[in-house]
Amino acid sequence: MTDQRNHPEEQVLQDGDPETTGHSWDGIKEFNNPLPRWWLWCFYLTIIWGVAYSVLYPAWPGISGATAGVLGFSTRAQVAEEIDRFDALNADLRQQLTEVDLTTVTREDNPDLYNFAVQAGESTFTTWCSQCHGAGAAGVQAAGYPNLLDDDWLWGGTLEDIQATIAHGIRNEDDPDARWSEMTAFEGILADEEISQVVNYAMSLSDEDGDGVNAISQTYDEELASAGETIFLDNCAACHGDAGTGDRFLGAPNLTDAIWLYGGTPEAIEETVRHARFGVMPAWSLRLSEAEVNATAIYVHGLGGGE
Ligand code: HEC
Ligand code: HEC
């Protein structure tokens with residue numbers, strides 16, 4: 001028997017078969033049929049289309065950019081045009097936002113400008129503020145990024161206060177009008193024992209019912225706390241107030257509520273007392289237009305905690 005794989009039968013050509021290319025695989029011969037006409041035309045059309053496209057539109061990459069194309073089309077220019085169109089539509093409202101007394105921009109008194117400000121402010125907030133304050137402006141608990149929805153304000157919650165905070169920022173070196181204060185780091189100033197006493201006293205400040213547990217359910221030592229009172233009055237009250245309710249002029253947080261910028265656990269408070277904190281926020285007037293800053297202030301003021 002012959003080995004079919006290595007020595008297959010030769011294909012026998014019939015009368016009327018087209019000529020072959022001369023190629024033969026395992027005895028199978030390749031006919032030299034012409035390509036179908038429709039296929040060939042499609043092929044020529046793609047070549048013509050390709051050449052025309054690369055002449056009309058940006059196509060061939062070069063060192064500093066692609067060839068421009070004779071139509072001068074550019075997606076970038078298209079977007080810029082769209083933006084200009086919207087800018088022109090809103091130019092008047094934006095101009096007003098830099099001129100009016102912001103407190104008059106309310107839903108009742110000036111609904112058009114108010115709606116524009118809230119929407120523009122929200123989109124600015126999403127782009128520039130949410131990475132620190134969270135998309136919903138709720139801040140990041142105990143990480144130093146304050147919640148902007150509540151009525152607990154470090155630096156003040158009137159429209160004017162909020163506008164100033166946003167425009168100039170907090171503890172940044174870029175804007176001479178930035179809000180500024182520095183808590184003292186008490187490591188080395190107070191003895192370890194005094195630190196532990198004042199930490200416990202600070203915790204007791206938010207213990208309304210006197211059950212030895214502070215406003216966020218952290219237990220403290222009442223004996224240490226009572227020993228910490230004079231330390232607090234001598235070292236902390238100048239900024240946080242005798243009663244610990246804070247000072248907005250200094251951005252010193254209220255220590256008597258359940259809201260903690262850096263955390264109300266004994267560990268977090270001890271860290272604050274030993275090494276202090278230094279929350280920095282950029283000055284937005286250096287990066288955003290005056291209208292954008294004002295719109296964002298109106299937006300934040302309207303979130304619920306505005307005064
Ligand atoms: C890089 C992070 C960061 C970004 C971005 C940022 N902030 Fe802040 N923001 C902070 C920090 C930190 C504080 C608190 C500083 C402190 O400890 O006093 C703060 C405080 C504030 C306060 C004061 C809150 C109070 O209780 O008084 C307002 C208002 C505010 N931010 C609004 C904004 C707005 C609006 C934007 C966007 C235009 C923005 N922030 C962007 C970090 C940021
Ligand atoms: C010179 C003013 C100043 C003095 C003195 C001072 N603080 Fe502060 N304290 C601040 C400021 C300002 C902040 C906010 C820092 C920030 O946001 O970066 C702060 C923050 C805190 C916080 C964090 C609150 C939170 O919500 O997380 C605690 C706790 C605190 N101080 C306790 C104390 C205690 C206890 C003392 C005394 C031993 C003291 N401070 C002395 C200004 C002061």
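These are my notebook entries on the domains, a hairpin, the two ligand shells and a helix contact in a predicted model.

**Entry 1: domains**
I began with the domain assignment, which gives domain 1 as residues 1-62 and domain 2 as residues 183-275. I then looked up the separation of the two domains: their centres, taken over C-alpha atoms, lie 86 Å apart.

**Entry 2: the hairpin**
I turned next to strand S1 (residues 20-25) and strand S2 (residues 28-31), which run antiparallel and are joined by three bridges. Opposite Trp 25 I found Ile 28 of S2. Two residues lie between the strands of this hairpin, and I noted a positive phi near 50° for Asp 26.

**Entry 3: ligand 1**
I looked up the surroundings of ligand 1 and found 26 residues, the closest being Cys 129, Cys 132, Leu 154, Gly 279 and Met 281. Which helices supply at least two residues each to this shell? I recorded helix H3 (111-133), helix H4 (159-168) and helix H9 (290-301). H3 gives the most, with six residues. Sorted by class, the shell around ligand 1 holds 19 nonpolar and seven polar residues, and I found no charged ones.

**Entry 4: H3 against H9**
Since H3 and H9 both appear in the shell around ligand 1, I examined how they pack. Their axes are 7 Å apart and meet at an angle of about 100°. An angle of 65 to 115 degrees counts as roughly perpendicular, and H3 and H9 are therefore roughly perpendicular to each other. On the H3 side I listed Ala 117, Val 118, Ala 120, Gly 121, Glu 122, Thr 124 and Phe 125; these meet Glu 292, Ala 295, Thr 296, Ile 298 and Tyr 299 in H9. By class, I entered seven nonpolar, three polar and two charged residues for this contact.

**Entry 5: ligand 2**
I closed with ligand 2, which is surrounded by 26 residues, with Met 183, Cys 236, Cys 239, Tyr 262 and Gly 279 as the closest. Two or more residues of this shell come from each of helix H5 (192-204), helix H7 (237-240) and helix H8 (266-275). The class count for the shell around ligand 2 is 17 nonpolar, eight polar and one charged. I noted that Gly 279 is listed among the closest residues for ligand 1 and also for ligand 2.

Notes: Residues numbered from 1 in each chain as written. Chains lettered and ligands numbered in written order. Predicted model: local features only at pLDDT ≥ 70, side-chain atom pairs only at ≥ 80, totals over all residues. Domains from an automatic or database assignment. Pairing = 2+ DSSP bridges. Helix = DSSP H or I, 4+ residues; strand = E, 2+ residues; numbered from the N terminus. Near = placed C-beta within 6 Å. Nonpolar A, V, L, I, M, F, W, Y, C, P; charged D, E, K, R; others polar. Axes fitted to C-alpha atoms, helices over the stretch in contact; angles between N-to-C directions. Parallel < 35°, antiparallel > 145°, perpendicular 65-115°, else oblique. Contact = placed C-beta atoms within 7 Å.
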